[in-house]
Amino acid sequence: MTSIYFGEEHESFRRTVRQFLESEIAPYAHEWEEARRIPREAFRRMGDLGLLGILFPEELGGTGASIFHALAFLEELPRSRMGGFVAAVSVQQFIATGAIHLHGTPEQKRRWLAPSIAGTKVGAIAISEPDTGSDVAAIRTMARRDGDSWVIDGAKTWITNGVEGDFVVVACRTDRDAGAGGLSLIVVEADAPGFSRSKLRKMGWHSSDTGELTFENVRVPLGNLVGEENEGFYLIMETFVLERLVTAATSVGSARLALEETRKYILERHAFGRPIGKFQAIRHRLADLYAELEAAAQLVYHAAWLHEKGENPVAEACMAKLLATELSKKTADECLQFFGGFGTVEEYPIERFFRDSRFGTIVAGTSEIMREVIAKAAIDGLAFPKRERDEDDAAAPPTPGDPADPVPPPAAEPLPADGGGPLLDGAGNPFAEDAGSQEVFEADVTDTLEAIFTETRPVTPGEAPAPPSEVTEPSFFAPSPAVESAAVEPVAPPAEATVPAFYPTAPVPVYEVTDPAYFPPTGARQMAGRDAVTLAGSAPSLALRIPVPTSVAELFETLPLRFRADRAAGWSARLHFRFKDVERSDWTVVIEDGSCRAFEGHDGAADCVVTTTEKTYLAIEGGQQAPETAFLLGKVKVSNIAAMTKFGKLFRKVAP
Ligand SMILES: Cc1cc2nc3c(=O)[nH]c(=O)nc-3n(C[C@H](O)[C@H](O)[C@H](O)COP(=O)(O)OP(=O)(O)OC[C@H]3O[C@@H](n4cnc5c(N)ncnc54)[C@H](O)[C@@H]3O)c2cc1C
């Protein structure tokens, strides 16, 4: 169905994701489900293809694409034919690393976020505990300061990627008496002494490892705290909208695939001399499911659009998650029925759909909790303004009586919280002094976490909804000014060679080219006023040192030095480059007689015209952006793909 949300760039990205899943992942579904694990190579491969950093900025190796690229990806994920794979990848990319991206230090991003995007590390987030799931504020796992360390004791359960993951973002209690206001997020790495884990055996999602984690005197550096101490509750909250959209989108994709498989089956399977797809009893039930699916999908897109715009669509995301996950469960059940006995056989995909679809209504906040949040908005008239993130005033109580203040939860009785959504207890409530709106909540033990970010508004029957508030805060993954400046703080390049390094203001790293075939005919030369290229030693151990270019001008000036003449034999081409975001925008590269020339301006008739931005091209050359992904996302436009592909192979990359 034509959509106002998805353009050709999203659809071509969707096709690429689908092709990858169908050819490189789905064939292994049975094997990985049996093994109850996803091989590391799968994460690494997705990282190489640029599929694990869709919303993250290019500086960290991500793609910096839109939420609708993410939705296209998420809707396709069920093509892996494993709910477990969907869960593992969703957690890795959209849930475990969200707080690190938004609030992590440059060092934390280097250690955990960049490798997660590259697929070289797998992450998890541990909130749920054996005694508390929906009620997040009741978390008991303790972290206490001791010298320059946190010492953690406690247990977590149901943790996706928990056993095989390299690091876990753990929600810990750092103030015993402060309720929800006493939680913090602390990263624990897999090899921390005292940290042990074991795998749970579940009815479905077999390939996803779901762990029980135990922390016994686990000591980690103070620097592993993400965001501010005792702000963990708010950081968790901040990720809820995206987490619910993610679950909703994968549920839409899963239901869509179940219908697709069922349609094929009912047109092939015969009973009473005709395909069973000709029986009206079956056709009408499927027609209902198609209609409901379309409605659920459009709600998901709408909520995502609000999110992308910078709104805080808490209720819409809960509605989308509720409808999509319940529908996915119902669709799998109905479709299994149309497969008859074959629907119960493991070789048929519908059997796994049926088991896997059962999880959506439990994870990321149960359906009951979703209804609670929706009821708060629809019945009690609560709106969900964006949280003001005033760093200096994070825990300060709002001015009493100000109608725009967050609504306080009750001061005395502990309340159940939103799943994936906690509850505040009064002791920990930073707004407890504001008695203005408490009566709304006092008698209501099903209050939700979202209440802290809520303002009450009397509902007048028939009243038109208020216009969306002014967008003052960027959407979840768009870096806030604070984050952006943090992201470009100079930091040392990553220690691991496999982790992409792209830290624009860091000291310029220098990489060595040791293959004599790459040496330019002449020796050292000056570039842009600094010692950029020097020859050291003598062949064959000669090393040509080339600084990583920080502009396209530098890149083109050093291009001939990276030319692989041995690969260009017999090939001639003239390429014109145009960069949309820089003054020195036009460049020509000529390959001729086994040599390469690059100069500013456009000269002669081009065999290929390349249009992009400096930022994207440097990211490609630096290895942080896969060229195919950049092309599919419309970030690079190329008039002659064959010529560009050939051209791309003629140069040594500047990536380490
Ligand atoms: C496969 C799997 C993977 C998971 N992955 C993770 C993960 O990576 N990280 C993580 O932290 N957690 C994870 N979870 C945990 C998940 O978020 C919780 O299971 C969920 O939040 C519910 O918590 P609970 O299981 O403790 O149920 P409870 O909170 O004990 O709820 C039990 C029942 O009571 C209902 N209920 C609770 N409160 C209310 C209320 N106020 N009103 C009405 N009904 C209510 C619930 O809806 C539910 O039906 C995962 C769970 C599963 C099954």
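Helix pairs with an angle over 145 degrees between their axes count as roughly antiparallel. In this predicted model, the axes of helix H8 and helix H9 (residues 280-308) cross at roughly 155°, and H8 and H9 are therefore roughly antiparallel to each other. The points below cover this pair, two further helix pairs, and the surroundings of the ligand.

**H8 and H9**
- The axes of H8 and H9 come within 10 Å.
- Their crossing is left-handed.
- On the H8 side, the residues that meet H9 are Val241, Leu245, Ala248, Ala249, Val252, Ala255, Arg256, Leu259, Thr262 and Ile266.
- On the H9 side, the residues are Ile282, Leu286, Leu289, Tyr290, Leu293, Ala296, Ala297, Val300, Ala303, Ala304 and His307.
- By class, the contact of H8 with H9 consists of 18 nonpolar residues, two polar and one charged.

**H8 and H10**
- Helix H8 (residues 232-268) also packs against helix H10 (residues 314-338), with axes that come within 8 Å and cross at roughly 25°.
- Angles under 35 degrees count as roughly parallel, and the crossing angle therefore makes H8 roughly parallel to H10.
- H8 passes H10 in a left-handed crossing.
- The contact of H8 with H10 has 18 nonpolar residues, along with seven polar and two charged ones.

**H10 and H12**
- H10 and H12 have axes that come within 9 Å, crossing at roughly 145°.
- This crossing, too, is left-handed.
- From H10, the contact takes in Val314, Ala315, Cys318, Met319, Lys321, Leu322, Thr325 and Glu326.
- From H12, Ser367, Met370, Arg371, Val373, Ile374 and Ala377 take part.
- Nine residues of the contact of H10 with H12 are nonpolar, two are polar and three are charged.

**Around the ligand**
- The ligand is surrounded by 25 residues, and the closest are Ile127, Gly133, Ser134, Thr366 and Glu368.
- Strand S1 (123-126), strand S3 (149-160) and helix H12 (367-378) are the elements that give two or more residues to this shell.
- H12 therefore appears in two of the topics here, as it contributes to the shell around the ligand and meets H10.- Sorted by class, the shell has 13 nonpolar, nine polar and three charged residues.
- At least three residues of the shell come from domain 2 (124-233), and at least three from domain 3 (241-373).

Conventions
Residues numbered from 1 in each chain as written. Predicted model: local features only at pLDDT ≥ 70, side-chain atom pairs only at ≥ 80, totals over all residues. Near = placed C-beta within 6 Å. Helix = DSSP H or I, 4+ residues; strand = E, 2+ residues; numbered from the N terminus. Nonpolar A, V, L, I, M, F, W, Y, C, P; charged D, E, K, R; others polar. Domains from an automatic or database assignment. Axes fitted to C-alpha atoms, helices over the stretch in contact; angles between N-to-C directions. Parallel < 35°, antiparallel > 145°, perpendicular 65-115°, else oblique. Left-handed = near helix turned anticlockwise from the far one by under 90°. Contact = placed C-beta atoms within 7 Å.
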